Amino acid sequence: MAIKPILCNGNVVRAILDGRQTQDRRPVKPQPWKENAVDIRRSAAIAGLPVVVESCMRNGVWNEKQRMVPKYAPGDTIWVRETFCDGCGGDACHRADTDRCGKTGFPACCHPWKPSIHMPKWACRLWLRVTDVRVQRIQDISIEDCIAEGLGHNETPCPVRADGLHSERWYDGEGCEACGAPPLDGEFSNLWESLYPGSWGRNDWVWVYEFERTERPAGWPTAD
C-alpha cells in the first residue's frame with residue numbers, strides 16, 4: 001500500500017498522540033453539483049477506486065458523471081507533517097509539544113519554527129494506518145463521530161457545579177445541563193466552519209478517514 005503525507009495542526013497532533021482522535025474529515029474536491037444526487041458506491045471507496053457521482057452540466061441536464069477519488073485508501077500509511085524546528089543538534093522539535101524550541105527559550109528560538117508543508121520525512125514522528133474510508137454530508141456527523149474526532153474530553157472545570165465537574169450529559173456529548181456547555185456536534189460545527197467557512201451551512205460532502213497509529217515504515221529516512 002502507499003505511503004502518503006497529511007498536514008495536521010497542533011490540536012490534531014496532540015489529540016492523536018493522546019489516543020483521542022481516530023477519525024479525520026476532509027472536504028470532497030470538487031463538490032458534487034447536483035443537490036442530493038450522489039450515488040456513492042461504498043465498495044469503490046473501500047477499494048480506493050474512483051467513486052462516480054451524478055453531476056450537473058451547465059445547461060442543466062443531469063447526465064454528466066463526475067469522478068471523486070479519496071486521497072487515502074484503506075491500508076495506506078499516512079505520515080503526519082506538523083510545524084517543526086530542525087536545528088536542534090540534529091533532532092527535530094515539534095510545536096505541538098510546546099510553544100518553545102526544545103533547546104532554547106521562546107521566542108528567541110535557535111532556529112525558527114517551520115510550517116508543516118516543509119517538514120521532511122526524517123522529522124516525522126507520527127504514522128497512521130487508514131482502516132476505513134467513506135463519504136457523508138458534514139452535518140450527518142454523530143456524537144460518536146465527534147468524540148472520534150477528538151472532542152469531548154473536558155480540559156476545563158465546570159464553572160457552575162460545586163464539584164467542578166460537568167454533568168454526565170456533557171460527558172455523553174449532549175452538553176452540560178449545569179453550565180450550558182454546548183453539545184459536541186455544535187462544538188464541531190463551530191470548529192469546522194472556522195476551517196472551511198460556508199461549508200457547514202452548505203452541508204458539503206466530506207471524506208471520512210478512520211485510522212490507527214502504526215510504526216515507522218521500514219527504511220524510513222533518519223536525521224543521520
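1. Let's start with a charge pair: Asp 76 makes a salt bridge with Lys 4, and their closest N and O atoms sit 3.6 Å apart. Asp 76 belongs to the loop between β4 (64-68) and β5, while Lys 4 is in strand β1, so this contact ties together parts that are 72 residues apart in sequence. Keep in mind that this is a predicted model.

2. How many salt bridges does the structure hold? The count comes to 15. As a general reminder, side chains of opposite charge can pair when their charged atoms come close.

3. Strand β1 is also worth a look for its backbone pairing. β1 and strand β5 (residues 77-81) run parallel and are joined by 5 bridges. Within that pairing, Ile 6 has Val 80 in β5 as its bridge partner.

4. Now the sheet itself. It is an open sheet of 5 strands, and reading across gives β1-β5-β8-β9-β2, with mixed pairing. Why do β1 (3-7) and β2 (23-27) each have one side without a neighbour in the sheet? Both stand at the edges with a single partner strand each, so one side of each is left free of a neighbour there. On average, neighbouring strands of this sheet are turned by 45 degrees against each other, if you ignore direction.

5. Last, the surface. Which residues gather in a patch of negative charge there? They are Glu 144, Glu 168, Asp 172, Glu 174 and Asp 185. One of them, Asp 172, is found in the loop between α4 (168-171) and α5 (184-195).

Terms used: Residues are numbered from 1 along each chain as its sequence is written. This is a predicted model: local features need pLDDT of at least 70, side-chain atom pairs count only at pLDDT 80 or more; totals for chains, interfaces and linings use all residues. Side-chain values use heavy atoms; hydrogens and water are left out. Patches are made of residues with over 30% relative accessible area and no salt bridge: like charges are joined within 9 Å, nonpolar side chains (Val, Leu, Ile, Met, Phe, Trp, Tyr) within 5 Å. Accessible areas come from the Shrake-Rupley method with a 1.4 Å probe; for residues, only the protein chains shown count as cover. A salt bridge is a side-chain nitrogen of Lys or Arg within 4 Å of a carboxyl oxygen of Asp or Glu. Lys and Arg count as positive and Asp and Glu as negative; His and the chain ends are not counted. The place of a charge is taken as NZ of Lys, CZ of Arg, CG of Asp or CD of Glu. Helices (H or I, at least four residues) and strands (E, at least two) are DSSP runs, numbered from the N terminus. Two strands pair if DSSP finds at least two bridges between them. Axes are lines fitted to C-alpha atoms, for helices over the stretch in contact, and angles run from 0 to 180 degrees between N-to-C directions.
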